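Colleague: I am new to this structure and should like to understand the reasoning behind the terms used for it. May we go through them in turn?

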Amino acid sequence: MLFNRTLLARASAVFLLGTAMLAQADTATVQAWPDRSAAVKVDAALEARVEQLLNGLSLRQKIGQMTQPEIRAITPDQVREYAIGSILNGGGGWPGNNINATPADWRALSEAFQIAALEATPGIPLIWGIDAVHGNNNVRGAVIYPHNIGLGASGNAQLVRDIGRATARAVRATGQQWAFAPTLAVVQHVRWGRTYESFGNDPALVARLGRAAVEGLQENLAQGIGVLASAKHFVGDGGTRHGTDQGITRATPEQLAKTHGAGYIATLDAGVQTVMASYSSWTDTRSATPNGKMHGNRELLTDVLKQRLAFDGLIVSDWDAIGQVPGCKNDDCVPAVLAGTDVFMVPFEWKRFIDNTLRAVQDGRIPMSRIDDAVRRILRVKLRAGLAMDGKVRETDATFATDADRALARRAVRESLVLLKHKPGLLPLPASSRVLVVGAAADNIHNQTGGWSRTWQGHETTNADFPAATSLLAALRQRLGSGNVVFDADGSREDPAKFSAVVAVLAEKPYAEMAGDIGLTSSLKHSRRYPEQLAALQRVAGRGAPVVTLLYSGRPLDVNDAANRSDAFIAAWLPGSEGAGLVDALVAPEAGKTWPGFSARLRFPWPGGPCQFSTHPDPKATGADKPWWPVGGGLSGFEKTASPAKALPEWPEPKGICPVL
């Protein structure tokens, strides 16, 4: 008993030392953030167990706990040999490199890795991270929910929480315990290719929905039902100049904290266990001080996040991001270790990372206290996560995809649609309608799901890769009958006058980070990048049948020309796998049921011209710089007058490039 009391007291002291390793830096950057030190609650028994496990590890094993390889670059035997603490699979990483791997294949590989880890370090399971950003979207047969931009439009925190809970079940069912979600970016510039991963431009909205996502993902975590959530990307990823991915955010310390930090405060309050650092950099505009890459920023990662905000979980790096820190390589980055990163996502160069980090500790360039702090945090998170100590994935504890999950996704689709234009009485279409469907995207699942869907960028797939998904075309045929729905992809074969209505679908090509950025030589004009889509719409517009147009996109776009050729126009965002949710908004329900109309509202302004990239346009803007719709805009479908009543200006492409702000 005396030993146990001594151990508990020592564990509590070590925990408090770890959360305030040094006197907190008294700087403007630190003071801009709220002091959460009162939130620290020490679980002495947990900390005692952490210390016992930590003391049983060699230095090499500790560094193994800090190392995160990709599944394509490591085997279970290597996990055992190097005492690896976590693994990940990137978008496009599957068991056996097989895109058709089944949930059972994922579970089998997970068990092999887990058993190897537990043999290397008894009592210390491995955690497997996966980019489950809108459902367990890497896995064949998964239910894929709308991306965050659509969920933000819904404004429904309970819906987001329910999706987090369902996603956690699906992730656990395939053997992972860690979802790299939610993204908490407060996007300032829609050139950014990750705009769709954001809930909106309002920090309060991002905080509210981000918290709900974490609550859903981590619900019943200690019982092994929830999964570890990851608040990302700390901090300022959505504020980079020109929306350049991995670029520089210019802000005062207060702007950084209040705008870009709001989601982190909320998710820390919700108990988020992991935070992912951002590829981006920060320049303090008050002092004109460049602070460099976030992965090397000790003031923000340690002084702010770990100390001022009292975060006692772990910080994980992004994919090979440490190689961008000055003086570093992908396999060697002492500054990132010293800055406070705990788990290093070094997908393919992980062996050299272990050797280089071990050498840095032995040479005195990394103090042992920093290694121990990192591993304490890792062990603390693992013990809180309710991980199985036999390495087995219990199918009874989780379900991969159920009818209830599909119904939830279908409702999420319907609640995320924003009606931007409507001719009174057009919607909903009668259930007896005969409909002409135009636009190749109407029967293309990857246009519905967007990036981070089965693959990283999301466009390297076919409908066969989504066996459980339903396209809009298929859903319309299910609802109206196959004989009443005719598909004419480019609008060149059928006479629209023979139909009750035309449903046209426009879409962006799927994209993810980097590839999704709109460069400085391009504009927001959708028809500039996809002229064939406008051409198809032109072939059917004004030819005897009203046209209802849907746009699949990861951001607001200049669509004035398309909207002018449509009687109704819907921002459908990236709705995911459940096309029936789109039909619920387009077609009248069965007798006795009420048509819900459109409840979603814009969380970014919708541009009225090709160069309106800012999510905070000048309220005095006119002409092409004036938004078509402001934040909060959208119609219900029950309006008695047409909106807009007049044609939208079809502004010409700018000469050269859009003005650089």
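Modeller: Let us begin with a cut-off: a residue is called buried when its relative accessible area is under 20%. Please keep in mind that this is a predicted model.

Colleague: Why does glutamine 114 count as buried?

Modeller: The relative accessibility of glutamine 114 is 4%, and the limit is under 20%; therefore glutamine 114 counts as buried. The residue lies in helix H6, which spans residues 103-120.

Colleague: What makes the approach of the glutamine 114 side chain to the backbone oxygen of leucine 126 a polar contact?

Modeller: The side chain reaches that oxygen at 2.4 Å, and a polar contact requires a pair of N or O atoms within 3.5 Å. Leucine 126 is also among the residues that glutamine 114 touches, together with Pro125, Gln177 and Gly391, not counting residues up to four places away in sequence.

Colleague: Why are strands S12 and S14 called edge strands?

Modeller: They belong to an open sheet of six strands, in the order S12-S17-S16-S15-S13-S14, with mixed pairing. Strand S12 (418-421) and strand S14 (485-487) each pair on one side only. From one strand to the next, the twist averages 25 degrees.

Colleague: How do you know that strands S15 and S16 pair?

Modeller: Pairing requires at least two bridges, and six bridges join S15 (residues 501-507) to S16 (residues 547-552). These two strands run parallel. As one example, valine 505 has leucine 550 in S16 as its bridge partner.

Colleague: Which helix lies across S13, S14, S15 and S16?

Modeller: Helix H18 (residues 472-480) does, running at about 155 degrees to S14.

Conventions
Residues numbered from 1 in each chain as written. Predicted model: local features only at pLDDT ≥ 70, side-chain atom pairs only at ≥ 80, totals over all residues. Heavy atoms only, no water. Helix = DSSP H or I, 4+ residues; strand = E, 2+ residues; numbered from the N terminus. Buried < 20%, exposed > 50% of the residue type's maximum accessible area, 1.4 Å probe, protein only. Polar contact = N/O pair within 3.5 Å; in protein donor to acceptor, adjacent residues only side chain to side chain. Contact = heavy atoms within 4.5 Å. Axes fitted to C-alpha atoms, helices over the stretch in contact; angles between N-to-C directions.
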